[in-house]
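Biologist: I have a new model to get to know, and I would like to understand the reasoning behind the words people use for it. Could we go through it together?

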Amino acid sequence: MVVNSRFISEPKTAAIVGCPFSGGQPRAGVDRGPIQMVEAGLIDQLTDLGWSVKFHGHHQFEEVNAVSDPPIGILKNPRLVSRVNEAVAQVVGDHARKGELPVTLGGDHSLAMGTISGTLSVHPETCVIWVDAHADINTVESTESGNLHGMPVSFLLGLGSKIPEFSWVKPLLKADRLVYIGLRDIDTGEKRILRENNIKAFSMHEVDKYGIGKVVEMALDHVNPDRDRPIHLSFDVDALDPSVAPSTGTPVRGGLTFREGHYICEAIHETGCLVALDLMEVNPSLADDASVRQTVQVGCSLVRSALGETLL
């Protein structure tokens with residue numbers, strides 16, 4: 001089946017935005033994820049699917065100087081995370097303005113603050129499908145760890161106290177344009193935030209109850225009922241069960257199967273509405289070599305599915 005994209009220009013171009021960045025969380029190694037995915041042949045794989053692929057090397061953010069970066073409250077590395085994300089927002093937005101599809105390889109999920117900001121700057125009607133074990137919606141008030149990879153959604157929605165260092169993040173994302181799939185490890189404060197803001201979330205309970213096909217349909221019906229809005233898919237590999245993707249920073253048992261994760265990507269591709277993709281939190285330092293290879297291969301496979309690879 002050939003799917004025509006509503007928003008990507010022909011000839012269709014995927015722009016790989018490699019972001020080897022780990023500043024939003026404390027575990028070393030997640031900055032190696034994008035490098036290993038590219039080394040695993042992702043560019044050739046996407047070319048084989050008919051995409052023209054742009055990749056000009058990984059962003060190293062050498063220009064970001066945050067040597068003096070004391071905590072703000074308990075927020076860790078706030079200036080570094082802010083400046084890197086502002087740079088990412090610019091890069092993603094530039095690709096989107098050219099009619100290209102930015103494929104951001106992380107790196108930790110704090111990067112979604114930048115990627116989604118970049119998408120919204122070009123496609124203000126965008127809806128976000130966030131596939132993750134975690135809601136990443138803690139505010140300055142609710143966070144217990146201060147790790148910014150658990151907070152990007154709150155910044156995008158404009159929730160919580162305002163931090164001057166993040167004033168560039170415009171609250172362009174609307175609560176009714178956000179939907180979660182795969183949640184199963186949610187902080188108490190996050191549960192309250194989800195309820196108070198009436199944010200639609202499909203936990204693993206709903207996946208078990210309805211099946212992944214029905215869940216994706218209901219998710220799309222909520223944020224994109226007429227299938228005419230741009231979609232930003234932000235996929236954290238820890239949404240998958242650790243038996244599928246073991247080499248990630250915050251694994252949680254009871255996650256999506258290999259096929260459930262791929263079905264989400266395939267179904268979103270079929271809408272023709274995908275305008276940006278994040279694949280985050282592959283951490284090659286946290287497992288044995290075989291598990292690392294497995295996780296990297298799964299990450300590449302998810303990207304291919306979102307960009308049109310089918311079983312038949």
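Modeller: Happily! One thing to keep in mind is that this is a predicted model. Let's begin with helix α9, residues 258-271, whose 14 residues reach 21 Å from the first C-alpha to the last.

Biologist: How do you know whether that reach is close to the one expected for helix α9?

Modeller: The expected span is 1.5 Å times one less than the number of residues. For α9 that comes to 20 Å, and the model's 21 Å is close to it.

Biologist: What makes you say that α9 is mostly covered?

Modeller: A residue counts as buried when its relative accessible area is under 20%. In α9, 10 of the 14 residues are buried. Among them are Glu260, Gly261, His262, Ile264 and Cys265. Just after the helix, Gly272 takes a positive phi of about 75°.

Biologist: Let's turn to aromatic pairs. How many are there by the pairing rule?

Modeller: The count comes to two aromatic pairs.

Biologist: Why is the pair of Trp130 and Tyr180 given the name it has?

Modeller: Ring centres must lie within 6.5 Å to pair, and planes over 60 degrees apart count as edge-to-face. Trp130 and Tyr180 have ring centres 6.5 Å apart and planes at 65°, so this pair is edge-to-face. The pair also links distant parts of the chain, with Trp130 in strand β4 (residues 127-131) and Tyr180 in strand β5 (residues 178-183), 50 residues apart.

Biologist: Are Trp130 and Tyr180 buried or exposed?

Modeller: Trp130 has a relative accessible area of 0%, so it is buried. Tyr180 is also at 0%, and therefore buried.

Biologist: And the other pair: what kind is formed by Phe155 and Phe166?

Modeller: Planes under 30 degrees apart would count as stacked and over 60 as edge-to-face, with the rest called tilted. For Phe155 and Phe166 the angle between the planes is 40°, with 4.6 Å from centre to centre, and the pair is tilted. Phe155 belongs to helix α5 (residues 152-157), while Phe166 sits in the loop between α5 and β5, 11 residues away along the chain.

Biologist: How do you know whether Phe155 and Phe166 are buried or exposed?

Modeller: The cut-off for buried is under 20%. Phe155 has 11%, so it is buried. Phe166 has 3%, so it is buried as well.

Biologist: I noticed Glu190 in helix α6, residues 188-196. Why does it count as buried or exposed?

Modeller: Its relative accessibility is 3%, so Glu190 counts as buried. Leaving out residues up to four places away in sequence, Glu190 touches Ala135, Asp136, Ile137, Asn138 and Gly150.

Biologist: What makes the approach of Glu190 and Asp136 a polar contact?

Modeller: A polar contact pairs N or O atoms within 3.5 Å. Here the backbone nitrogen of Asp136 lies 3.1 Å from a polar atom of the Glu190 side chain. In sequence these two residues are 54 residues apart, yet their C-alpha atoms are 8.0 Å apart in space.

Biologist: What about Gln45 in helix α2, residues 42-48: buried or exposed?

Modeller: Gln45 has a relative accessible area of 19%, and the limit is under 20%, so it is buried. Its side chain makes a polar contact of 2.7 Å with the side chain of Arg304. Beyond its neighbours within four places in sequence, Gln45 is in contact with Ala40, Cys300 and Arg304.

Biologist: Last of all, the whole protein. How do you know whether its radius of gyration agrees with that of a compact globule?

Modeller: For 312 residues a compact globule would have a radius near 20 Å, and the protein has 18 Å, so the two agree. The C-alpha trace spans about 50 × 40 × 40 Å along its principal axes. Buried residues make up 58% of the 312.

Biologist: Which helices and strands does the count give for the protein?

Modeller: It has 10 helices and eight strands. Of the contacts with a separation of 6 or more, 75% come from residues 24 or more positions apart.

Note on methods:
Residues are numbered from 1 along each chain as its sequence is written. This is a predicted model: local features need pLDDT of at least 70, side-chain atom pairs count only at pLDDT 80 or more; totals for chains, interfaces and linings use all residues. Side-chain values use heavy atoms; hydrogens and water are left out. Helices (H or I, at least four residues) and strands (E, at least two) are DSSP runs, numbered from the N terminus. Buried means under 20% relative accessible area, exposed over 50%, partly exposed in between (1.4 Å probe, protein chains only). Rings of Phe, Tyr and Trp (its six-membered ring) pair if their centres lie within 6.5 Å; planes under 30 degrees apart count as stacked, over 60 as edge-to-face and the rest as tilted. Contact means heavy atoms within 4.5 Å. A polar contact is a pair of N or O atoms within 3.5 Å; within protein, one must be able to donate a hydrogen and the other to accept it, and residues adjacent in sequence count only if both atoms are side-chain atoms. The radius of gyration is taken over C-alpha atoms; the globule rule is 2.2 Å times the number of residues to the power 0.38.
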